[in-house]
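Q: Could you take one part of this structure and go through it closely, step by step, for someone in the first year of study?

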Amino acid sequence: MHFGADYSGTAWIHSLVDCTTMLCAPLGSFIGNRLSCRIAVILGGFLSSVGLVLSSFTTSLEYLYLTLGVLTGIGFALCYTPAIAMVGSYFCERKALAYGIAMSGSGIGTFILAPVVQMLIEHYSWRGALLILGGVVANLCVCGALLRPITLKEEEEAHGPVPLDTECGYGVKAPVVSMLEESLAINNNNSHRCFCFQSMQEYCFLLMPEFLMLAVSFLFLASGCSLPFVYLVPYALDVGVSHHQAAFLMSILGVIDIVGNITFGWLVDRRCLKKYRIVCYMIAVGMEGLCCLFIPLLRTFTLLVPFSVFYGYFDGAYVALIPVVTSDIVGTHNLSSALGIVYFLHAIPYLLSPPIGGWLVDTTGTYMATFFLSGFALISSSLVISTVTGIRHCRRTQKHRNKNKNIDTKQELCRSDFYTASSKDVNPSVNTANS
């Protein structure tokens, strides 16, 4: 209203924030790996806060694209991936539950901040609201300062023992200053080789067949998961649901999403299901896709409420398991780099799928094709994940067979050594008797 722009023009701000956050996720991983997750989050908090504060002084919509869309998005990217990766480093026994609680922060924040921001706009205008939000987001620097650097067991085995600090076997990392001093002491040629070798080690998981199939699965997932959030309310209005009830459907979906984050994470951490986390993730994504395929049968508010409940729950379930499944495949030491690639793969589908869904609505005149596209994309993602499960099962079977072969070979060698030693013990006595 202030700039006299249409909805499509202002919607690009939100799209740019989401797209920039995902596209720059590998940058957050890179800074977190090279320096530390603490530095990456503090830097990201500063950039995002500056972006919001500068946005409060904008004089055109294009300036908002740069400050609120790009600059704030880069700051969020530097915060998001390292913070998610640190959860996997801190927790080992209850990893899925820890991720569920951590990821629920987005839903809780959205649920609380939506009315708060509206109140700020009413009292202080949109400029004052952005200025206050810039101060709130600056607290990310404080959150980053609380991310204590630790050394994983894998790093300890590679670089020697360090004093243990937690029950998971973690040790406190050496200060960054000493690392910088060591790197400055090395000449340029050696440091360049070291940098290339370290980069190859960090991204060696890109050659893993399981991760490649997981990446394809995430492309399908990102293509389908955002469409119901965009088109649920318009669909409800199209079938005759009132504005108040249609908005209430999104509130239900958001609250149940938080419940799914925490409860499904707790459930998957049970001893009987911990070995089957990837299967639980596959089921959650598949069930979410099935919910979208039932949309043609749901044409009243009473029937759309169960859709919001089930879709919201399974959406929260799989979101909490994305870092867990990625960690199970690539390992904790590669988690930060892998999450950067994973969220990077979400960027383009997030940007393109809503316009494609809108084109289908304009072409067909109904929302059915859009929800069918979402459902088939999610089910395809689940089917691709099943191939990952098959690859992992075949590898375990082959490893078990090789282990059994090695055991049998060792037993045969022991038997042959035993018989050889026995024959040697018998021969001297025979020779003595003959003499």
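What follows is a close look at one helix, with the rest of the chain brought in for comparison.

Q: How many residues does helix α5 have, and how far apart are its end C-alpha atoms? Please also say where α5 bends, and whether Ser104 is buried or exposed.

A: It helps to begin with the setting, and to keep in mind that this is a predicted model. The chain has 16 helices and two strands, and of its 435 residues 40% count as buried. Its accessible surface comes to about 23300 Å², and 68% of that area belongs to carbon and sulfur atoms. If we take the contacts between residues at least 6 apart in sequence, 79% of them join residues that are at least 24 apart.

Helix α5 runs over residues 95–137, which gives it 43 residues, and yet its end C-alpha atoms are only 27 Å apart, whereas a straight helix would reach 63 Å at 1.5 Å a residue. Along this helix there is a bend of about 120° at Tyr124. Ser125 also belongs to α5, and its phi is near 70°, a positive value in a residue that is not glycine. With a relative accessibility of 36%, Ser125 counts as partly exposed, because that value falls between the 20% under which a residue is buried and the 50% over which it is exposed.

Another serine of α5 is Ser104, and here the relative accessible area is 2%, so Ser104 is buried. A polar atom of the Ser104 side chain lies 2.6 Å from the backbone oxygen of Ile101. Once its neighbours within four places in sequence are left aside, Ser104 is in contact with Ile258, Asn261 and Ile262.

Helix α15 makes a useful comparison. This helix, residues 335–364, has 30 residues and reaches 42 Å from its first C-alpha to its last, which is close to the 44 Å expected at 1.5 Å a residue. There is nevertheless a bend in α15, of about 30° at Ser353, and a proline, Pro354, follows within four residues. Just after the helix, Gly365 takes a positive phi of about 85°.

Ser353, which lies in α15, can be read in the way we read Ser104. Its relative accessible area is 6%, so Ser353 is buried, and a polar atom of its side chain lies 2.7 Å from the backbone oxygen of Pro349. Not counting residues up to four places away in sequence, Ser353 touches Ala222, Ser223, Ser226 and Leu227.

Finally, we can turn to the nonpolar cores. The largest of them has 66 residues, and those with the most contacts inside it are Phe211, Tyr281, Leu304 and Leu321. Helix α14, residues 301–330, gives the most to this core, with 12 residues. For Phe211, when neighbours within four places in sequence are left aside, the contacts are with Phe205, Leu206, Ile329, Val330, Ala338, Ile341 and Val342. There is also a second, separate core of eight residues, which includes Leu61, Leu68, Leu133 and Val137.

Conventions: Residues numbered from 1 in each chain as written. Predicted model: local features only at pLDDT ≥ 70, side-chain atom pairs only at ≥ 80, totals over all residues. Heavy atoms only, no water. Core = buried A, V, L, I, M, F, W, Y, C linked by side-chain atoms within 4.5 Å. Buried < 20%, exposed > 50% of the residue type's maximum accessible area, 1.4 Å probe, protein only. Contact = heavy atoms within 4.5 Å. Expected span 1.5 Å × (residues − 1). Bend = angle between axes of the 7 residues up to and from the residue. Areas by Shrake-Rupley, 256 points an atom, 1.4 Å probe, with all protein chains shown as cover. Polar contact = N/O pair within 3.5 Å; in protein donor to acceptor, adjacent residues only side chain to side chain.
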